[in-house]
Amino acid sequence: MTDITDRPAQAGEDKGWIFHFAEAARWAAANPGAYRGGRLCETDGFIHCSTAGQLAETARLHLKGRDDLLLLTIDIRRLGALLRWEPSRGGQLFPHIYGPLPSVAVVRTDPLPLGPDGLHIFPAHAGAGGAGA
């Protein structure tokens, strides 16, 4: 586990945000404060998240062509000890949430439309660029 102060800041963190790709139906069905992510998150025991700088690559590698997703914008200051930074792809530190996602930590939900290449188009505030970014 790495504390956020133990590593350089990444894109999007200037606002204190991290992001999670949520299946729209799962997000809608979850009781407030009871969302635990998708099937992979349930299997791994934590909610997978990304910084703005990690979004496009994560979507390209794992979610290309999925048209049922929302992008949750999460305020890291509202997560407390639930948030851990752990190495993953290429040794990058990724934010993981251990426990249910507190409703008050989600500051936005945005649809993730697909571009003609099957890659997601991200909202401007995510800083991840558009399709294929």
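This report describes the fold, cores and main pocket of a predicted model.

## Overall layout

The chain holds three helices and six strands. Along the sequence they follow the pattern β-α-α-β-α-β-β-β-β. The chain has 133 residues, and 46% of them count as buried.

Contacts across long stretches of sequence are common here. Take the contacts with a separation of 6 or more: residues 24 or more positions apart account for 70% of them.

## The sheet of β1, β3 and β6

Three strands form an open sheet in the order β1-β3-β6, with antiparallel pairing. β1 and β6 (106–111) stand at the edges, each with a single partner strand, so one side of each has no neighbour in the sheet. Neighbouring strands of this sheet are turned by 25 degrees against each other on average, direction ignored.

β1 and β3 run antiparallel and are joined by seven bridges. One pair to look for is Phe-21 and its bridge partner in β3, Leu-71.

## The sheet of β2, β5 and β4

Another open sheet has three strands in the order β2-β5-β4, and its pairing is antiparallel too. Here β2 (47–48) and β4 (83–87) stand at the edges, each with a single partner strand, so one side of each is left without a neighbour in the sheet.

Two bridges pair β2 with β5 in the antiparallel sense. His-48 stands opposite His-96 in β5. On the other side of the order, five bridges join β4 to β5, again antiparallel. Glu-86 has Phe-94 in β5 as its bridge partner. The hairpin of β4 and β5 has five residues between the strands, and in it Gly-90 takes a positive phi near 65 degrees.

## Helix α3

Helix α3 spans residues 52–62. It lies across β1 and β3, running at about 25 degrees to β1. Its buried residues are Ala-52, Gln-54, Leu-55, Ala-56, Thr-58 and Ala-59. What covers them includes β1 (17–23), β3 (69–75) and β5 (93–97).

## Two nonpolar cores

In soluble globular proteins, nonpolar side chains tend to be buried together. In this model the largest nonpolar core has 17 residues. Ile-18, Ile-47, Leu-72, Ile-74, Leu-79, Ile-97 and Leu-101 touch the most other members. β1, β3, β4 and β5 each supply at least two residues of this core.

Ile-97 shows how distant parts of the sequence meet. Leaving aside neighbours within four places in sequence, Ile-97 is in contact with Ile-18, Phe-46, Ile-47, Cys-49, Ile-74, Leu-79 and Leu-82. A second, separate core has 13 residues, including Ala-52, Leu-55, Leu-63 and Phe-122. Ala-52 and Leu-55 are also among the buried residues of α3.

## The largest pocket

The largest pocket has a volume of about 500 Å³. Its lining is made of 22 residues. Leu-40, His-48, Thr-58, His-62 and Leu-63 lie nearest its centre. Several of these names have already come up. His-48 is the residue opposite His-96, Thr-58 is buried in α3, and Leu-63 belongs to the second core.

Which elements supply at least two residues each to the lining? They include β1, α2 (39–44), α3 and β5. β1 gives the most, with five residues. β1 thus joins several parts of the picture: an edge of its sheet, the cover over α3, the largest core and the pocket lining.

Definitions and conventions:
Residues numbered from 1 in each chain as written. Predicted model: local features only at pLDDT ≥ 70, side-chain atom pairs only at ≥ 80, totals over all residues. Heavy atoms only, no water. Buried < 20%, exposed > 50% of the residue type's maximum accessible area, 1.4 Å probe, protein only. Helix = DSSP H or I, 4+ residues; strand = E, 2+ residues; numbered from the N terminus. Contact = heavy atoms within 4.5 Å. Pairing = 2+ DSSP bridges. Axes fitted to C-alpha atoms, helices over the stretch in contact; angles between N-to-C directions. Core = buried A, V, L, I, M, F, W, Y, C linked by side-chain atoms within 4.5 Å. 1 Å grid on protein atoms, 1.4 Å probe; cavity = no way out; pocket = protein on both sides within 12 Å on 5 of 7 lines; lining within 4 Å. Points joined across faces, edges and corners; volume = space filled by probe spheres on them.
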